[in-house]
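User: Hey, got a minute to walk through this one with me? I'd like to talk strands first, then cysteines.

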Amino acid sequence: MAEVLVYVDHVDGAVRKPTLELLTLARRIGDPVAVALGSGAEATAAALAEHGAVKVLTADAPEFGDYLVVPKVDALQAAYDAVSPAAVLVPSSAEGKEIAARLAVRIGSGIITDATDLEAGDEGPVATQAAFAASFTTKSRVSKGVPVITVKPNSAPVEAAPAAGTVEALTVSFGEKSTGTKIVSRTPRESTGRPELTEAAIVVSGGRGVNGAENFHIIEALADSLGAAVGASRAAVDAGWYPHSNQVGQTGKSVSPQLYIANGISGAIQHRAGMQTSKTIVAVNKDAEAPIFDLVDYGVVGDLFQVVPQLTEEVTSRKG
Amino acid sequence: MSLRIVVCVKYVPDATGDRHFADDLTLDRDDVDGLLSELDEYAVEQALQIAGEADDAEITVLTVGPEDAKDALRKALSMGADKAVHVEDDDLHGTDVMGTSLVLAKAIEKTGYDLVVCGMASTDGTMGVLPALLAERLGVPQVTLLSEVSVDGTTVKGRRDGDTASEQLEASLPAVVSVTDQSGEARYPSFKGIMAAKKKPVEALDLGDLDLDADLVGLEGAWTKVESATERPARTAGTIVKDEGEGGKQLAEFLVSQKFI
């Protein structure tokens, strides 16, 4: 069976969930060969083998942490040359997309980004994507070169599928361009203890109706009762009520959770662009005419300051 | 020595309009108004600020697109850019991101540059890969997804806010930069700016001017193929209740019925 390269997103050896989802999709089109780079690369092998990686190629060097993106492209290209895969799959993070794009230029291939599903086709893998604020679903394939495809989080189930997971060291020679952009300093984002927004199974968001940073604890409390991530609309972010890293929408993050709960969000097209592919959508809004109600599976027309705490209490007591 | 800045901009369909696909599965431009991609306004703004700090700088706005794409160039010129380059050719219809990055790279090299500034993504395709593609093709550093950017002599610096960390980046010019919507509000064109824009030069280039083969662009030359595009069925009307004191409890019942609790 053809081999499929899977780029591994990990933090010091802890494999992030979108990569495990990628392995599920990779198995539909071939034998997954994982590429793990940087500090802790070898520690990823057990989790990757458990989820279907037949081989894990690892490399560590200071270049991966000291310079932006290009050293990782050099390494992925080295893996590509070593394996001659049928496709290259990369998680759709901001960095993942940049790595994939540069690799595609180097190997003369087309690129598809933000796939939400992947299946084998007669002429290569066929990717499903959402277009125009998710009002359309497209199916596309790469028609030149070896397909390079980035896949959005929550696009496939994580499935155990034990495989050999043989670890091999990857030899990487860095090009002279690899040190072009220096990472002078790095400040880790403080962890809130909540799931990462784009990966979360449930997202609880607040918008203009939350009416102030001091009220966002109501949204956070509901999120915590459900084990959810917290999102915010652009209006809430622009007003300074919540960090930009939590913004859901066209100019923020695109999320596709099992459950999305929009609180005090009217549902302008720019917001819908970032959440419309959520499986189940729920909204709480005072305004019965708010466009968000056109999207919902369940909506409550009411004051979020009454409804949300009551919901949180219900969730907490039912779980307790 | 003048700092030569090229800002890449895109003319996109208005997201609030009714966007759909034409029969050849490219964007149907006839039924929806176009405009300068909102995220590119931030790129123009940062270019203007960088130029303002430099001893001497010139800003060229560049786009690849149909005749109407001139509107996007005019908007950028009215914000304060100095001149514009418009790559227009019938053979470009249906070009994908690989082809577009090739055309832009050729046009940037022809124009001459020290710094290329892009928005973080277009508001239509939303891929977010073009700045990295340009850097790869031009063989210069990429300093991308910046929420803060500055140029000091021949060094560009910026802050990149990622999922897990915030990074300070630094590279030597020439370089490709992309900026996020957190980089600073884009200015509105003044009346004076709008009037001045009408007199600013817009250079027209076609594929021949860029020594580009037509079979590397257009629908036929694309590296990707859209096989189908289907409109998502409208969501079936959900249940909507009015809160009469039990709204939170009713919502909890729904979440239980869907097995979320």
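Analyst: Sure. One definition first: two strands count as paired if DSSP finds at least two bridges between them. Also keep in mind that this is a predicted model.

User: OK, so how many bridges join strand 8 of chain A to strand 9 of chain A?

Analyst: Three, and the two strands run antiparallel. Strand 8 covers residues 117–119. One of the contacts is Leu118(A), whose bridge partner in strand 9 is Ala127(A).

User: What's between those two strands?

Analyst: Six residues, in a hairpin. Gly124(A) sits in that turn with a positive phi of about 110°.

User: And what does strand 9 of chain A do on the strand 10 side?

Analyst: Five bridges join strand 9 to strand 10 (residues 136–142), again antiparallel. Ala131(A) stands opposite Phe136(A) there. That pair of strands also forms a hairpin, with four residues between them, and Phe132(A) in the turn has a positive phi of about 50°.

User: Is strand 9 of chain A largely enclosed or open?

Analyst: Largely enclosed by the rest of the structure, because five of its six residues (126–131) are buried.

User: Switching topic: how many disulfides over all chains?

Analyst: Zero.

User: Why is there no bond at Cys8(B)?

Analyst: The closest cysteine sulfur, in Cys118(B), is 4.2 Å away, which is too far for a bond. The cut-off is 2.5 Å between the sulfur atoms.

User: Are those two cysteines buried or exposed?

Analyst: Cys8(B) counts as buried because its relative accessibility is 5%. Cys118(B) counts as buried too, at 3%.

Conventions. Residues numbered from 1 in each chain as written. Chains lettered and ligands numbered in written order. Predicted model: local features only at pLDDT ≥ 70, side-chain atom pairs only at ≥ 80, totals over all residues. Heavy atoms only, no water. Buried < 20%, exposed > 50% of the residue type's maximum accessible area, 1.4 Å probe, protein only.
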